[in-house]
Amino acid sequence: MNTNLWNKDYTLVVLGQIISLFGNNVLRYALPLYLLNQTGSAKLYGLVLALSFIPMILFAPIGGIVADRVNKRNVMVGLDFLTAVVVTLFSLTYQSMNLTSLLIIVLMVLYAIQGAYQPAVQASIPILVSKHQLIKGNAIINMVNSLAGILGPVLGGLIFAGFGLQRILYVGIVCFVFSATMECFISIPYTKRQDQKRFKAIVKSDLNESLDFIFKKQPQIGKAALLLTMINLVFSALVIIGMPILINLHLGFNQDVGNRLYGYAQGMLALGGLSGGLLVSILGNRIKVKRGASYIFFCTLTLLPIGLVIAFNVPQMAAYLVIVIASFLMMLASTVFNIITITTVQKMTPVLLIGKVMAFLTGLVLFGNPIGQLIYGYLFDSLAGHIEWIYYGAFVICLPLTYIASKIYRNFEGQSPQTNELIDPLNQA
C-alpha cells in the first residue's frame, strides 16, 4: 500500500468518480423531473422513484460480494461501460415508447448498476490508502460525490431548460465512456480467491457471513443500520420526494424557471455535502462518532423552517431561499455523520469482509427509501393544501429516533482499528 494519499491509483479513482458521478447526477436529476413535468403527479413520481430504488437495494449486497472476489477495477470499468450502453438505448427509444414504463425500467437498471458499483469503490479505499489516512480518503470520496452533485443538477438544470432531455442524455453517455476509459489504468491489489462453490452457494455463504458479523460479532453496527433504515424512511425519502414537488409544483414557478431553480437547490444540497466533507477533512479524528446523534438532531431541526414557510404562505422566492438554506445545512450535518459512520465501520471490519459488509449495510439502510417515497408520494397528493403537516409530522417522528441514536452511537466510542486486527482472518493465518 502506498502511504502517499494522492498516489496514482487513488487519484484515478477520485477522477473517475468525479466524471462518472457527474453523469449519474445529471441523469438522476433529469429523468424523474422529466416525468414530473409531463404528468404533474406526486403519486406517480413517488411510485417511479420507489421502484427505481429496489434494484439498488437488491444489487448492493451482490455488488459487495463481487467486489470482494473480483478485481475492483474491472467492476468499475465494466459497469461504467454498461451504463453508457443503457443510456444510449434509452435516448433512441424514449420518444416512441410509453414514457412511464420505459423510465421505470431504465431507472431500475441505472440504480441497480449504481448499487453494484459503489461497493467496489468503498472496498478499494482501505486498500489504496494507509489506515491513518482512511478518514481523509473517505472524506475526499464523499466530497467528490458532493462536487458531482453540485455540478450535475446545476448544469443539468441549465441544459435541460435550454436544450431538453436529449442533450442531457448525450452528456451522460460521454461521461460514462470517459470514466470507464480512465479507470482502465487503475491498479488495485487483488488476489483471486480459490472458491469451488457455485455462485448461488457463494452468495448464500457471504450473506450469512455478513449477517453474522453485523448482528452478532459487532451488534452495534446492526443496531445503527436498523436505525438509519428508519431515518431514511422518515427523513431522506421526504427530501427526495418533497424538494421537486415544492419547487416545481407548490411554489408556483413556471416550468422552465422551476426546473432551473430545482437544479440550483440540488446543487446547494451537494454544496452542503462538499462543505461537510471539507470539515471532516480539516478536523479529522477530532470529530467523534459518539456525537453522531447530535448531527441527526440538527438535520431534524431543518424540517421546521420548511414547514413554517409553507404554512404562512411566504412569497415564493423567499420560501425558496429558506428551503435551499435549510437543505444546505441539513446536508452539511448529514455528510459529517455519514463519513464518521462509514470510517468507524471500515475500521471495525476485517479486510476480506469490507466489500460485502459495506454493501449489505448500504442495501439495508436504503430499504427505507422506497417505502418512504411511496408514502410521501401519496401524502403530497392527499394533503396538497396542507403540505406543512407532512414536515411537522416527520419532525415529530425523528425526535425519538434521535434519542435512540444517542444510545447507539455512544457505544461506538472505543471501537478502533485494534478491533479489526483481532478478528481479521488475514492476521489469524
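Q: How do I read the packing of helix H8 (residues 219–250) and helix H12 (residues 316–348): what are the angle and the axis distance?

A: The general idea first: two packed helices are described by the angle between their axes and the distance between the axes. In this predicted model, H8 and H12 pack at about 155 degrees, and their axes are 13 Å apart. Angles over 145 degrees count as roughly antiparallel, so that is the label for H8 and H12. Their crossing is left-handed.

Q: Which residues of H8 and H12 make the contact?

A: On the H8 side you'll find Ile-221, Leu-228, Phe-235, Val-239, Met-243, Leu-246 and Ile-247. H12 brings Tyr-320, Ile-323, Ser-327, Met-330, Phe-337, Val-345 and Met-348. Sort the contact by class and you get 13 nonpolar residues, one polar and no charged ones.

Q: Now the pair H1 (residues 8–39) and H9 (residues 255–283): at what angle do their axes cross?

A: Roughly 150 degrees, with the axes coming within 12 Å. H1 and H9 are therefore roughly antiparallel to each other. The crossing here is right-handed. Tyr-29, Leu-33 and Asn-37 of H1 meet Gln-255, Asn-259, Arg-260, Tyr-262 and Gly-263 of H9. By class, that contact splits into three nonpolar, four polar and one charged.

Q: What should the 19 residues of helix H6 span, at 1.5 Å a residue?

A: H6 (residues 165–183) should span 27 Å, and its end C-alpha atoms are 27 Å apart, which agrees.

Q: Which residues of H6 are buried?

A: A general point helps when you scan a helix: an α-helix has 3.6 residues a turn, so residues three or four places apart point the same way. In H6, the buried residues include Leu-165, Ile-168, Leu-169, Gly-172, Cys-175, Phe-176 and Ser-179.

Q: Take Ile-168 in that helix: why does it count as buried, and what does it touch?

A: Buried means under 20% relative accessible area, and Ile-168 is at 0%, so it qualifies. Leaving out residues up to four places away in sequence, Ile-168 touches Val-26, Leu-27, Ala-30, Gly-156, Ile-159 and Phe-160. Look at Val-26 in particular: it is 142 residues from Ile-168 in sequence, yet the two C-alpha atoms are 7.0 Å apart.

Q: And Thr-229, is it buried or exposed?

A: Thr-229, which lies in helix H8, counts as buried because its relative accessibility is 10%. Setting aside neighbours within four places in sequence, Thr-229 is in contact with Leu-364, Val-365, Phe-367 and Gly-368.

Conventions. Residues are numbered from 1 along each chain as its sequence is written. This is a predicted model: local features need pLDDT of at least 70, side-chain atom pairs count only at pLDDT 80 or more; totals for chains, interfaces and linings use all residues. Side-chain values use heavy atoms; hydrogens and water are left out. Axes are lines fitted to C-alpha atoms, for helices over the stretch in contact, and angles run from 0 to 180 degrees between N-to-C directions. Helices (H or I, at least four residues) and strands (E, at least two) are DSSP runs, numbered from the N terminus. Angles under 35 degrees count as roughly parallel, over 145 as roughly antiparallel, 65 to 115 as roughly perpendicular and the rest as oblique. A crossing is left-handed if the near helix is turned anticlockwise from the far one by less than a right angle, and right-handed if clockwise. Contact means heavy atoms within 4.5 Å. Ala, Val, Leu, Ile, Met, Phe, Trp, Tyr, Cys and Pro count as nonpolar, Asp, Glu, Lys and Arg as charged, and the others, Gly among them, as polar. The expected span of a helix is 1.5 Å times one less than its number of residues. Buried means under 20% relative accessible area, exposed over 50%, partly exposed in between (1.4 Å probe, protein chains only).
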